[in-house]
Amino acid sequence: MHQSPLSRTPQNVEIVPRNRQFNIEEVLETNWHGGDAFKTAFFDAMSILFPLGEQFFIDSVKEFRDRIEDPELQRRVRGFVAQESIHRREHQSYNEALCRARGIPLEKMEERVEKKQAFARRYLRPIQRLSGTVALEHLTAILADATFRNPEGLEGAHPEMQALWHWHALEETEHKSVAFDVFVAVGGTYWRRRISMLLVTLDFTQHVIRNMRLLLRDYKGSRFKLWWGGMKFLFGEKGALRGLKEPYLDFYKKDFHPWDHDNRELVSSVMSEFGGGAVNPI
Ligand SMILES: [Fe+2]
Ligand SMILES: [Fe+2]
C-alpha cells in the first residue's frame, strides 16, 4: 500500500511566508541580467505570468479547503496561500514597473492569460482547475530547483533581482507539495494530473515565448543571434534549464510525489539570505 501523500512531505519543511519587498524599479529600466536582452526577457516574461497565475492557484486550492480533514494539511494550505499572496504583490509591482519602462501596457501582456482563465473558471470543474494548478506547481518547483542547481542561470544578474528570484524559488520549494496533497486528499487521479501536465506545459511555453517576443520587439540586433544565443543559455552544456527532463517526466509516474525530489539540502544553502526557515536535512 502507498503512504498517504502528506506523510511523504518531510515533516521538517516549514512553509515560511517572508514578507520581503524588493527595490527594483530602476533596475527594470535596464537589461538587468548582465546587459543581456534575452536573459532579461526570459525572466521578465515569466514574471508577467505570476500575479494572475498565482491568484488562480490560490483560488483553485481554496475551493477545496472545506474538504480537507487533516489539520496539518490545512495549516500547510494557509502557508501556501500566504506565500503566493506575497509573491503576487511583489511580481505585480515588478510587472508594472517593467511595462512602464518598456512602454507596453500590462493589460496587453496579460490579456491572453486572462481570457484562458475566464474560460477555465466558467467551463472547467473545480477538480480540473486544481489539477492544472498541481501541474503548474510542479513546473514551478522544477524551475525553482534549477535556479539553485544551475547557478549559471542568474550569474551576472543584478543582486536585487537575484535576491528576488532566489526568494521566490525558495518558497516555491517549501510549498511544492501543497496543491498536490490537496488534490490527492480530495480524490484527484493520476490520469487527470497527467493530462493537465500535457496541456499546461504547452500553454506555459507558449505564454513565455509570446511575452518574450513582446518584450523584445524593439531589439535592434540580429534576431537569429539573439535566439540562438538564448537557446544555448537555456539548454546548452552549462544551460540554466539543463537537467529538467527527468524531474519533469517523473510527474507522469503513477506513484509520483513532489518530495520524491528531495532538494532540502540544496535550498538550505540559500536560506540564510532570507532569515532562515526549516529546510534542514535530517
Ligand atoms: Fe509563487
Ligand atoms: Fe507556488
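Q: In which helix is the place of Ser60?
A: Let's start with one serine in this predicted model. Ser60 has its place along a helix, and that helix is α1.

Q: Is Ser60 buried or exposed?
A: The cut-off for a buried residue is under 20% relative accessible area. Ser60 has a relative accessibility of 1%, so Ser60 counts as buried.

Q: Which residue's backbone oxygen lies 2.6 Å from a polar atom of the Ser60 side chain, and which residues beyond its sequence neighbours does Ser60 contact?
A: Setting aside neighbours within four places in sequence, Ser60 is in contact with Arg129, Leu130 and Thr133. As for the polar atom of its side chain, the backbone oxygen 2.6 Å away belongs to Phe56.

Q: Which residues are the protein donors of the iron ion (ligand 1)?
A: Along the chain, the donor residues are spaced E-x29-E-x2-H-x80-H-x3-E. Their donor atoms lie 1.9 to 2.3 Å from the iron ion (ligand 1). With atoms given, the donors are Glu54 (OE), Glu84 (OE), His87 (ND1), His168 (NE2) and Glu172 (OE).

Q: How many residues apart are Glu54 and Glu172, a pair that links distant parts of the chain?
A: The donors of the iron ion (ligand 1) include Glu54 and Glu172. Glu54 sits in helix α1 (residues 37-62) and Glu172 in helix α5 (residues 159-174), and their separation is 118 residues.

Q: Which residues are the protein donors of the iron ion (ligand 2)?
A: Here the spacing along the chain is E-x52-E-x34-E-x2-H. Donor atoms lie 2.0 to 2.7 Å from the iron ion (ligand 2), and Glu137 is listed twice, each time through OE. The donor residues are Glu84, Glu137, Glu172 and His175.

Q: Are Glu137 and Glu172 buried or exposed?
A: These two glutamates are a pair from distant parts of the chain, with Glu137 in helix α4 and Glu172 in helix α5, 35 residues apart. The relative accessible area of Glu137 is 2%, so Glu137 is buried. For Glu172 the value is 3%, so Glu172 is likewise buried.

Q: How far apart are the two iron ions that Glu84 bridges?
A: Glu84 is among the donors of the iron ion (ligand 1), and is also one of the donors of the iron ion (ligand 2). Glu84 thus bridges the two ions, and the distance between them is 3.9 Å.

Q: Which element gives the most residues to the largest nonpolar core?
A: This core has 83 residues, and those with the most contacts inside it are Trp32, Phe42, Phe43, Tyr94 and Trp165. The top contribution is 15 residues, and it comes from α1.

Q: Which residues does Phe42 contact, leaving aside its neighbours within four places in sequence?
A: Phe42 is among the residues with the most contacts inside the largest nonpolar core. Beyond those sequence neighbours, its partners are Val208, Met212, Leu234 and Leu241.

Q: Which element gives the largest share of the lining of the largest cavity?
A: There are 2 cavities of 30 Å³ or more, and the largest holds about 250 Å³ of space. Its lining has 18 residues, with Met46, Leu143, Ala144, Thr147 and Trp165 nearest the centre. Elements giving two or more residues to this lining are α1, α4 (126-149) and α5. The largest share, 5 residues, comes from α4.

Q: How far apart in space are Tyr190 and Lys254, C-alpha to C-alpha?
A: Tyr190 lies in helix α7 (residues 190-215), and its relative accessibility of 25% makes it partly exposed. Tyr190 and Lys254 are 64 residues apart in sequence, while their C-alpha to C-alpha distance is 6.0 Å.

Definitions and conventions. Residues are numbered from 1 along each chain as its sequence is written. Chains are lettered from A and ligands numbered from 1 in the order in which they are written. This is a predicted model: local features need pLDDT of at least 70, side-chain atom pairs count only at pLDDT 80 or more; totals for chains, interfaces and linings use all residues. Side-chain values use heavy atoms; hydrogens and water are left out. Donors are N, O and S atoms within 2.8 Å of the metal (3.2 Å for Na, K and Ca); water is not among the atoms, so sites may look incomplete. Helices (H or I, at least four residues) and strands (E, at least two) are DSSP runs, numbered from the N terminus. A nonpolar core is a set of buried Ala, Val, Leu, Ile, Met, Phe, Trp, Tyr and Cys residues joined through side-chain atoms within 4.5 Å. Buried means under 20% relative accessible area, exposed over 50%, partly exposed in between (1.4 Å probe, protein chains only). Contact means heavy atoms within 4.5 Å. A polar contact is a pair of N or O atoms within 3.5 Å; within protein, one must be able to donate a hydrogen and the other to accept it, and residues adjacent in sequence count only if both atoms are side-chain atoms. On a 1 Å grid over the protein atoms alone, a cavity is a set of points where a 1.4 Å probe fits but cannot get out, and a pocket is an open set with protein on both sides within 12 Å along at least five of seven lines; lining residues have an atom within 4 Å of a point. Grid points are joined across faces, edges and corners, and a volume is the space filled by probe spheres set on the points.
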